[in-house]
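Thank you all for making the time this morning. I would like to walk through one chain, going from its overall make-up to a single side chain and then to the cores.

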Amino acid sequence: MFALRIACLLVSLCFCLGGGQRAYAQPDGTSTPFRFAESRHKKARVPIQLQRNLVVVGVKLNGYGPFNFLLDTGVSTSIITSSALADSLVLRHGQQFRVVGAGGTDTGLLAYQTDSVRVDMPGVVAPHMSWLVLSEDVLDLSGYVGVPIYGILGSEIFRSFVVTLRPDLDVMTLHDAASYRAPTGRQWSSVPLSLQNNKAYVTAQIRLSDTLELPLKLVLDTGASHALSLELDSDPRLVPPPKQLPTDLGRGLTGTVKGFLGRVTTMKLGRYSLRSVLTSFPNADDVHSRVDVPRNGNVGYELLKRFSLVIDYPHQRLLMRPNTRFRDPFEHDMCGIELLAAGPDYRRYLILRVMPNSPASEAGLVPDEELLTINFLPVSVFTLTQLDRLLHSEDGRVLFMVLRKNDGSLRSATVRLKRQI
């Protein structure tokens, strides 16, 4: 199952009028739209969910909700992807823009700016926040994540607070920047953050082979579910790994992001080194043509979730401490199907894509079939995140599936998982 590349496709997504890019500011001119609901408070704890390597947070808009949004450091302006939600809240239609994808491709999609939206999370509020609203939910984040998703909460929350993410505890803590005191202890490592256009960048030492190690500039990207993505055209010294798995890496506004998977020998971030990191190498035309700040790629949540994180925009640093996931191996999907969640509770699973030469392809699975049972259990007992883990689980594991074909008939298939990279 391919990695969700939410931030990657939205980093390069530009909102244009007459061909020119526009920047967005809050109506009052401030860069910290959120504040504590009670002025005497210096900290707030906000529940989060980790779904398919993406952070989901509940947000109230104009007093209604909560609605699920993805938490994404890779997006400079928050986005409502559900125009139906915006209409139900009677949000003001401001200036309209056309949306262009990689390479300036006109997607035919429109977006509009809406301002003065009150945004509430436990203990914090943004009284007058601006959003961008897409005219169509072309990303279908709900189907890809497996829970209802209404948009993406971006840099506004990180500009306003020091943000601690503890994926092992399903909690995000928001700290007052002026009074924040960094955690102490030998396990904590501090990495400088470079803030440009409301996005955060880190520099990591990447060993591509036994003889080649480079310092690479990476977007800190909580909205990308992969571990690491490198753009080969960003530096002539970057060379592809000898072992490659051609595959679809994600989905953008203009179609599938293609490329290949490989592994880098080590990645050193701060004092910590991670070995054999599974890495995406997207085709340049799909991601790199319209980036606003030169970079070499991004580091996503498959890697970041292995740490307790303090994302500190105000002091321009990232603090990291390994958690229980730190030594987990980096694994790719061992089956070769991409599932889309459907139905009112997102517990129906349709095969959207089958990768060529994969175990699923060899077992005869085809797009548009519905997965009904797996190892004699109805798939409705699984979340999409749990199914995702199962398909990544163990080289050689045998999965017995029952599927419904387009004509309504049932058939069975046996898939033997295989580590392909």
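How many helices and strands does the secondary structure of the chain come to? There are eight helices and 30 strands, taken as DSSP runs, with helices being H or I of at least four residues and strands being E of at least two, numbered from the N terminus. Please keep in mind that this is a predicted model, in which local features need pLDDT of at least 70 and side-chain atom pairs count only at pLDDT 80 or more, while totals for chains, interfaces and linings use all residues. Residues are numbered from 1 along each chain as its sequence is written, and side-chain values use heavy atoms, with hydrogens and water left out.

Of the 421 residues in the chain, 56% are buried, that is, under 20% relative accessible area with a 1.4 Å probe, protein chains only.

Let me turn to Thr222, which sits in the loop between β17 (213-220) and β18 (228-230) and is buried, its relative accessible area being 1%. A polar atom of the Thr222 side chain lies 2.8 Å from the backbone oxygen of Leu71, and the side chain also reaches the backbone nitrogen of Thr73 at 2.9 Å.

As for the cores, meaning sets of buried Ala, Val, Leu, Ile, Met, Phe, Trp, Tyr and Cys residues joined through side-chain atoms within 4.5 Å, the largest nonpolar one has 77 residues, of which Phe34, Leu61, Leu153, Met267 and Leu303 touch the most other members. Strand β20 (residues 255-269) gives this core its largest share, six residues. Apart from it lies another core, of 25 residues, including Ile337 and Leu384.

Terms used: Buried means under 20% relative accessible area, exposed over 50%, partly exposed in between (1.4 Å probe, protein chains only). A polar contact is a pair of N or O atoms within 3.5 Å; within protein, one must be able to donate a hydrogen and the other to accept it, and residues adjacent in sequence count only if both atoms are side-chain atoms.
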